[in-house]
Amino acid sequence: MSSADEKRCLVIGATGLVGGHILRLLLEGGQRPLALSRSRKSAANVDWFCGDLAKPEALNFPAFTTLYCTADAILLADALPYIFNPSLKRIVVFSSTSVMTKHDSEVAEERELLGRLAEAEEKIVLACKRNDVEWTILRPTLIYDPGRDTNITPLSRLIRRFGFMPLVGGGSGLRQPVHADDLASGAIAAASSASAANKFYSLPGGETLTYREMIGRIFEGMGVPQRTISIPASIWKVAFVFAKPLFPGANVAMGTRMTKDMIFDSKPASRDFGWAPRTFHPLFDQPPVKKPS
């Protein structure tokens, strides 16, 4: 095996928010990674494979030593037996801190999904133990990458559309938003750290903010005046029934959780692989200035 093959990596979820950054960083480091996506892609110095984790029996990769998975960990858990190869030494899998913060959600679909995610984590660990492969499972907090993410960017669009942001209970709950690029750097650092083998890590962002403060930073990043309205949780639950069409993909729990703290300790990740994420200062594209007619 050549020195290049000894560092061969496979990125599953390479077109996604974090996976795309991992792919870029591997390329910048002089590697030629393998990448998996459901549609055909091509990129310089990337060996791209078309396939679906839901149909793992059709996957066929050359030997690789490190696996990064930013795609659905539930699908990965069932696909792993088809992905293991004798050269594989470490897998780094992204899960979510939601398995700890939303397991008791008032929304049944969320509880069911997060229960399946927790079970998937266990299956991945057991599969790795059986195959003598080291594993690291990363649980990020609120992931953002302005213009691309499904957490912070939709909030900016709501603000752009309505000019204000409702805050249930004043938005007192604590948050630690984390940038997708920092998560990619953290994943690569964890993969090369012996101290990070066979461990779970929470990956919070570089500072802890109240939900209200987080929303304020979004207003700042958009370059518009901050306008928020505090709404009691009881009124939110009633009003959401009528407002739901204005908030596609949202559920009532997203509002009631604005008063709940969702914070995690970054010290283990900092100690074991140098986790040092940025503070939260998102910047959004400004709308074009209308010229006077």
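Contact here means that heavy atoms lie within 4.5 Å. By that rule, Glu121 is in contact with Ser95, Val99, Ile137, Arg139 and Phe200, leaving aside residues up to four places away in sequence. The model is predicted. This briefing covers its cores, a pocket, its aromatic pairs and a few chosen residues.

**Nonpolar cores**

- The largest nonpolar core has 32 residues.
- Ile12, Leu67, Leu76, Ile83, Ile91 and Ile124 have the most contacts inside this core.
- Strands and helices both feed into it: β1 (9–12), β2 (34–37), β4, α3 (73–83), β5 (90–94), α5 (108–130) and β6 (134–140) each give two or more residues.
- Another core lies apart from the largest one and has 27 residues. Among them are Cys9, Phe94, Val178 and Ala269.
- Back in the largest core, Ile91 is one of the residues with the most contacts. Beyond four places in sequence, Ile91 touches Leu67, Leu80, Ile124, Cys128, Val133, Glu134, Trp135 and Thr136.

**Glu121 in helix α5**

- Glu121 sits in helix α5, an element that gives two or more residues to the largest core.
- Is Glu121 buried or exposed? Its relative accessible area is 5%, so it counts as buried, the limit being under 20%.

**The second largest pocket**

- This pocket holds about 210 Å³ of space.
- Its lining has 13 residues, and Cys9, Thr66, Tyr68, Ala191 and Ser192 are the closest to its centre.
- Two elements, β4 (66–69) and α7 (180–191), each supply at least two lining residues.
- The lining is mixed in class: 5 residues are nonpolar, 4 are polar and 4 are charged.

**Thr66 in strand β4**

- Thr66 belongs to strand β4 and is among the residues closest to the centre of the second largest pocket.
- Thr66 has a relative accessible area of 13% and is buried.
- Which residues does Thr66 contact, leaving aside neighbours within four places in sequence? They are Arg8, Cys9, Leu10, Leu88, Arg90 and Ala191.
- Two of these partners, Cys9 and Ala191, are also listed among the residues closest to the pocket centre.

**Aromatic pairs**

- The model has 6 aromatic pairs.
- Phe61 and Phe64 make an edge-to-face pair, at 6.2 Å centre to centre with 85° between the planes.
- Phe61 is buried, at 15% relative accessible area. Phe64 is buried too, at 1%.
- Why is the pair of Phe162 and Phe164 called tilted? The planes of their rings stand at 55°, which falls between the limits of 30 and 60 degrees, so the pair is tilted. Their ring centres are 6.5 Å apart.
- Phe162 is partly exposed, at 32% relative accessibility. Phe164 is partly exposed as well, at 31%.
- Phe49, Phe61 and Phe64 form one aromatic cluster.

**Helix α6 and what covers it**

- Helix α6 spans residues 153–162. Its buried residues are Thr153, Leu155, Ser156, Leu158 and Ile159.
- The cover over these buried residues includes β8 (165–168) and α8 (211–222).
- Gly163 comes just after α6 and takes a positive phi of about 85°.

**Ile215 in helix α8**

- Ile215 is part of helix α8, one of the elements that cover the buried residues of α6.
- Ile215 is buried, with a relative accessible area of 0%.
- Outside its stretch of four places in sequence, Ile215 touches Leu155, Ile159, Met165, Leu167 and Thr228. Leu155 and Ile159 are buried residues of α6.
- Ile215 and Leu26 are 189 residues apart in sequence. In space, their C-alpha atoms are 33 Å apart.

**Val224 after helix α8**

- Where is Val224 found? It lies in the loop between α8 and β13 (228–231).
- At 29% relative accessibility, Val224 is partly exposed.
- Val224 contacts Ile159, Arg160 and Phe219, leaving aside neighbours within four places in sequence. Ile159 is also touched by Ile215.
- Val224 and Arg38 are 186 residues apart in sequence and 39 Å apart in space, from C-alpha to C-alpha.

Conventions:
Residues are numbered from 1 along each chain as its sequence is written. This is a predicted model: local features need pLDDT of at least 70, side-chain atom pairs count only at pLDDT 80 or more; totals for chains, interfaces and linings use all residues. Side-chain values use heavy atoms; hydrogens and water are left out. On a 1 Å grid over the protein atoms alone, a cavity is a set of points where a 1.4 Å probe fits but cannot get out, and a pocket is an open set with protein on both sides within 12 Å along at least five of seven lines; lining residues have an atom within 4 Å of a point. Grid points are joined across faces, edges and corners, and a volume is the space filled by probe spheres set on the points. Helices (H or I, at least four residues) and strands (E, at least two) are DSSP runs, numbered from the N terminus. Ala, Val, Leu, Ile, Met, Phe, Trp, Tyr, Cys and Pro count as nonpolar, Asp, Glu, Lys and Arg as charged, and the others, Gly among them, as polar. A nonpolar core is a set of buried Ala, Val, Leu, Ile, Met, Phe, Trp, Tyr and Cys residues joined through side-chain atoms within 4.5 Å. Buried means under 20% relative accessible area, exposed over 50%, partly exposed in between (1.4 Å probe, protein chains only).
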